[in-house]
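Work through the exercises below with the sequence and the model side by side, and try each task before you read its solution.

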Amino acid sequence: MAEEKKKGWFQRLTEGLSRTSQTLTEQVTQVFTQKEGLDAAALEELEDLLIESDLGPAISATIAQKMADARFSSASDPNAVRTVLADALADELVGHEGTFDPLSGPRPYIVLFVGVNGSGKTTTLGKIAASLTAKGAKVLVVAGDTFRAAAVEQLKIWAQRANADFMGRKTGADAAGLAFDSVTKAKEEGYDVVLIDTAGRLQNKQQLMDELLKIVRVIKRIDPEAPHETLLVLDATVGRNALSQEQIFGRQAFVSGLVMTKLDGTARGGILIPIAKASDAPIKLIGVGEDIEDLHAFKARDFARSMVGLEPEA
Ligand SMILES: Nc1nc2c(ncn2[C@@H]2O[C@H](COP(=O)(O)OP(=O)(O)OP(=O)(O)O)[C@@H](O)[C@H]2O)c(=O)[nH]1
Ligand SMILES: [Mg+2]
């Protein structure tokens with residue numbers, strides 16, 4: 001049953017990443033199986049292919065060298081080439097995998113979702129709410145994006161779908177005040193988890209950061225250990241822009257985990273690797289679609305294998 005479940009999930013991951021794995025594996029295996037060994041030109045071609053998947057020059061060079069060292073011949077089985085490539089990709093992710101498990105932490109467990117507009121904060125929050133209520137948890141969903149009326153409505157729909165309680169205010173209300181009240185309510189009413197959405201865009205970046213820091217400050221007045229988790233949500237389809245977003249939010253030093261969304265439908269899923277390496281916070285979750293079941297714990301080896309179109313290890 002667990003095996004079935006893993007397979008179902010993995011299939012979605014592999015399908016989601018199919019554009020990445022197509023670019024990566026079909027072309028990479030071609031480089032190996034058309035040429036005997038790897039000459040300098042082939043090595044360069046290989047590096048370019050890796051860079052095209054948004055792995056960045058340094059990681060691409062390391063991986064290309066590992067592939068060169070493996071000394072494939074033109075008779076090599078494409079699966080053998082893929083396995084070495086998957087191992088090389090997984091090596092880069094060692095130590096950058098984190099777990100998100102709000103139900104094993106203190107109660108109420110406070111989670112803040114941050115990131116630029118459109119990165120997938122609200123959707124990710126909704127998926128998490130649904131998975132927690134399915135486990136019987138008492139969940140409070142908080143519309144900390146008080147900037148847009150549509151944002152409040154969107155989150156309310158997710159909360160209803162998830163069977164979670166919802167808390168929001170009218171447009172323009174103080175988000176920090178709402179966050180404070182939600183944590184107070186959660187403590188008084190015995191909630192297990194509080195999921196706080198935030199705005200992705202205010203008038204400017206500094207205003208956005210100031211608002212996030214204010215939310216964190218007021219939450220800490222109630223519980224100095226909270227927020228227990230601040231998830232930075234990044235959209236994989238924006239490629240290297242996601243890397244600079246990580247730097248902007250990461251510099252503010254309150255991010256505890258990364259969520260990479262929209263890994264489906266992008267040929268540039270490789271961007272996850274330089275981001276993982278650049279960030280002090282580990283990757284915790286990945287999104288491969290818009291539905292509830294399209295969010296999953298990040299497992300470096302599974303991810304690396306699916307990036308090259310291989311099945312998970314048993
Ligand atoms: N294909 C795909 N779409 C996703 C994924 N995650 C989110 N989306 C879509 O991306 C769009 C933006 O997602 P939101 O959750 O509204 O993003 P947000 O960060 O809350 O945006 P703001 O509220 O504007 O800051 C929506 O259409 C989502 O359905 C994913 O993993 N895959
Ligand atoms: Mg939103």
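Domain bounds, as used here, come from an automatic or database domain assignment. The structure is a predicted model, in which local features need pLDDT of at least 70 and side-chain atom pairs count only at pLDDT 80 or more, while totals for chains, interfaces and linings use all residues. Residues are numbered from 1 along each chain as its sequence is written, chains are lettered from A and ligands numbered from 1 in the order in which they are written, and side-chain values use heavy atoms, with hydrogens and water left out.

**Exercise 1. Find the two domains and describe how they meet.**

Step 1. Begin with the bounds: domain 1 covers 2–93 and domain 2 covers 102–298. Taken over C-alpha atoms, their centres are separated by 33 Å.

Step 2. Look next for contacts, which are heavy atoms within 4.5 Å. On one side 17 residues of domain 1 take part, and they touch 23 residues of domain 2.

Step 3. Turn to the buried area, that is, the accessible area (1.4 Å probe) that two parts lose on being put together, summed over both. For domain 1 and domain 2 this comes to about 1,700 Å², with 62% of it on carbon and sulfur atoms.

Step 4. Search the interface for a salt bridge, meaning a side-chain nitrogen of Lys or Arg within 4 Å of a carboxyl oxygen of Asp or Glu. The rule finds one across the interface of domain 1 and domain 2. On the side of domain 1 that touches domain 2, helix 1 (2–16), helix 2 (18–34) and helix 5 (78–93) each supply at least two residues, and helix 1 gives the most, with four residues. Helices here are DSSP runs (H or I, at least four residues), as strands are (E, at least two), and both are numbered from the N terminus.

**Exercise 2. Decide how far helix 6 is enclosed, and check its length.**

Step 1. Helix 6 spans residues 121–134, which makes 14 residues. The expected span of a helix is 1.5 Å times one less than its number of residues; helix 6 reaches 20 Å from its first C-alpha to its last, close to the 20 Å expected.

Step 2. Classify its residues as buried (under 20% relative accessible area), exposed (over 50%) or partly exposed (in between), using a 1.4 Å probe and protein chains only. Because 11 of the 14 residues are buried, helix 6 is largely enclosed by the rest of the structure. Among the buried residues are Leu125, Ile128 and Leu132.

Step 3. Continue past the end of the helix: just after helix 6, glycine 136 takes a positive phi of about 90 degrees.

**Exercise 3. Which parts of the chain does the salt bridge between arginine 301 and aspartate 87 tie together?**

Step 1. Side chains of opposite charge can pair when their charged atoms come close. By the rule given above, the count comes to 12 salt bridges.

Step 2. In one of them the side chains of arginine 301 and aspartate 87 meet at 2.7 Å, N to O. Arginine 301 lies in helix 12 (residues 300–307) and aspartate 87 in helix 5, so the pair ties together parts that are 214 residues apart in sequence.

Step 3. Check the surroundings of both partners: arginine 301 is partly exposed at 35% relative accessibility, and aspartate 87 is partly exposed at 29%.

Step 4. Examine another pair, arginine 148 and aspartate 145, whose closest N and O atoms are 3.7 Å apart. Here arginine 148 is partly exposed at 43%, whereas aspartate 145 is buried at 5%.
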